[in-house]
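Biologist: I should like to go through this structure with you, beginning with the charged pairs and then turning to the strands. Please give the reasoning behind each answer.

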Amino acid sequence: CHHRLWSPNPTGTARFLVPKMGRTTEAIMGRRSLKRAGLLPVVIGITVLVVTVANLSLAVASVPTSGRPLVPPVTAKEVLRPTASHSLSRRRDVLQLTSAGLVAGSPYAALAEQAKQFSAGWTAKDGVQFLTYFNEENYGAMRDDTRRTPQFIKAITERVSERKKAEKRVTVLDIGTGPFALFALAAVRAGADKVYAIEANGEAAVRARDFVAEQEDIPEGAVEIIEGFSTAVDLPEKVDLVVAEIMGVIASEENMIQTINDAKERHMKNPKDLNNFIPSQVLTYAAPVSYALHNILKPPRYERLNGQPLRVNARDRTIELLSEPLVLEDIKWTDPKLPGRGGRWEQQPLEFEISASRLETNRQSYYKALKKEEVPDEEAEPLAKKTAESFSGMAFWPKLILDPAGKIVVESRGPAGEHQKSHWPTLLSLMNPEPVPVKAGQKFTLREAADFDGDILGPAKYTLKADLKA
């Protein structure tokens, strides 16, 4: 099992807490760099668009290789008049700063209105560096994800029990078994005779052995925990079924394709049958979005992010889709055209149309949030409209299809991109220094390419190019 809410890597990730709509959300941005600067924990009191400025302290950081924070903290003193009261006028001041970023007099506002071409790029270090760090909270979040774990167990139980009816001995490979070996145990309970459960994280592997040993209903030796990478392990036999929940927020970012390609070549009896894979298919969805907190990251912070995307809780309503989502990556394990190690994977261009209904829904959502902060109509209406009708960047999230028939599905967001609880965050790639005004009916074309490293631990590099048509 891989990282989601926290990135356990050498540079680490930090979270800042954003209370909104009565819930606390996490936007993940570079933990250890803040810790070294003495700025952790950093709490931002924001309810969607409005900052309540009591004891406000904000730090936004990318992930520098040196560990030094690239972005200094922003405090209330920098953006507000010094006063002891927490008046409504002060909240409005910050609101204007943290709305869509379409602030009067901003040198980037005119630039945003003229911008028609956008680009972004980053190296997905978070996709591979989790292996150096164990985080119990992260693994617990994956285990307790009610949209994920029960569906996997259902798919495993059905597949193994069906196979057991036809075959005398059933073997399974579980890649990334995690400290609880949940899927390995589910396979044995469904009838598997032997499960090879591979875990690259040393501490997780140790815990998995202990956890399996505590299960009184599991025969000794039925689950074999193997520490290491599946790409570097030789199994004593080939297996019937592979289970692997090793996809990233962009599905390919944890080098899942290269890992499964290796398993197909070296570990599987019949890799040509989709019934032998769980999941059978993995999709990455994409959509252009507005981001209500974009202006917090305006220059010079935008440049200091150095293209690194944000990872935002899937329930965070500061992100709203501007169009219907489209499939960017479609990973089906029997597809011979999947890229190998060191390969380049260019996706077909996607064309999105800015949706009038979504703009209106987003405007209403932002307006309600403003009214909860007692912002008067004459201010709330234009701010909500500007925020809703602005483009900040591209959002990405995964969808897992666990069986070839497509009946057992794991959605990290709703089918139409709706906000919902998930241990997978949504990846947000900002594509302009400040939000860009948009209108219903505009067409937005996206081109994406991924370059994979020859080393299984080498991070993939992603490149985005986009055009907004009038």
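Biologist: To begin with R207, is this residue buried, partly exposed or exposed?

Modeller: The model is a predicted one. A residue is buried under 20% relative accessible area and exposed over 50%. R207 has a relative accessibility of 31%, so the residue counts as partly exposed.

Biologist: Which residue meets the side chain of R207 in a salt bridge?

Modeller: The partner lies in helix α8 (residues 202–213), 4 residues apart from R207, and the two are therefore separated by about one helical turn. The partner is itself partly exposed, at a relative accessible area of 39%. With an N to O distance of 3.1 Å, the residue that meets R207 is E203.

Biologist: On which sheet strands does helix α8 pack?

Modeller: The sheet concerned is open and parallel, with 5 strands in the order β11-β10-β9-β12-β13. Its edge strands, each paired on one side only, are β11 (223–227) and β13 (277–278). The direction of α8 makes about 165° with that of β11. The strands touched by α8 are β10 (194–199) and β11.

Biologist: Within that sheet, which residue of β12 is the bridge partner of V172?

Modeller: Strand β9 (residues 171–175) pairs with strand β12 (residues 241–244) in the parallel sense, over 4 bridges. In β12, the bridge partner of V172 is L241.

Biologist: Turning to strand β25 (residues 443–451), how many bridges join it to β26?

Modeller: Strand β26 covers residues 461–468 and runs antiparallel to β25. One pair of opposite residues is D451 and K461. The number of bridges joining β25 to β26 is 8.

Biologist: Which residue of β25 is the bridge partner of E353?

Modeller: Strand β19 (residues 350–353) is joined to β25 by 4 bridges, and the two run antiparallel. The bridge partner of E353 in β25 is K443.

Biologist: And which residue in β25 does R344 stand opposite?

Modeller: Strand β18 (residues 344–346) runs antiparallel to β25, with 3 bridges joining them. D451, which stands opposite K461 in β26, is also the residue in β25 that answers your question. R344 stands opposite D451.

Biologist: With which residue does R344 form a salt bridge?

Modeller: R344 counts as partly exposed, because its relative accessibility is 45%. Its salt-bridge partner has a relative accessibility of 55% and so counts as exposed. The closest N and O atoms are 2.9 Å apart, and the partner is E346.

Biologist: How many residues apart are D467 and R447?

Modeller: These two form a salt bridge, with the closest N and O atoms 3.1 Å apart. D467 belongs to strand β26 and R447 to strand β25, so that the pair links distant parts of the chain, and the separation is 20 residues.

Biologist: Is D467 buried, partly exposed or exposed?

Modeller: Its partner R447, at a relative accessible area of 40%, is partly exposed. For D467 the relative accessible area is 21%, and the cut-off for buried is under 20%. D467 is therefore partly exposed.

Biologist: Finally, which residues do salt bridges with shared partners join into one network?

Modeller: The structure holds 25 salt bridges. Salt bridges that share partners form one network, and its members are R163, E167, D240 and K269.

Terms used
Residues numbered from 1 in each chain as written. Predicted model: local features only at pLDDT ≥ 70, side-chain atom pairs only at ≥ 80, totals over all residues. Heavy atoms only, no water. Pairing = 2+ DSSP bridges. Salt bridge = Lys/Arg side-chain N within 4 Å of Asp/Glu carboxyl O. Buried < 20%, exposed > 50% of the residue type's maximum accessible area, 1.4 Å probe, protein only. Contact = heavy atoms within 4.5 Å. Axes fitted to C-alpha atoms, helices over the stretch in contact; angles between N-to-C directions.
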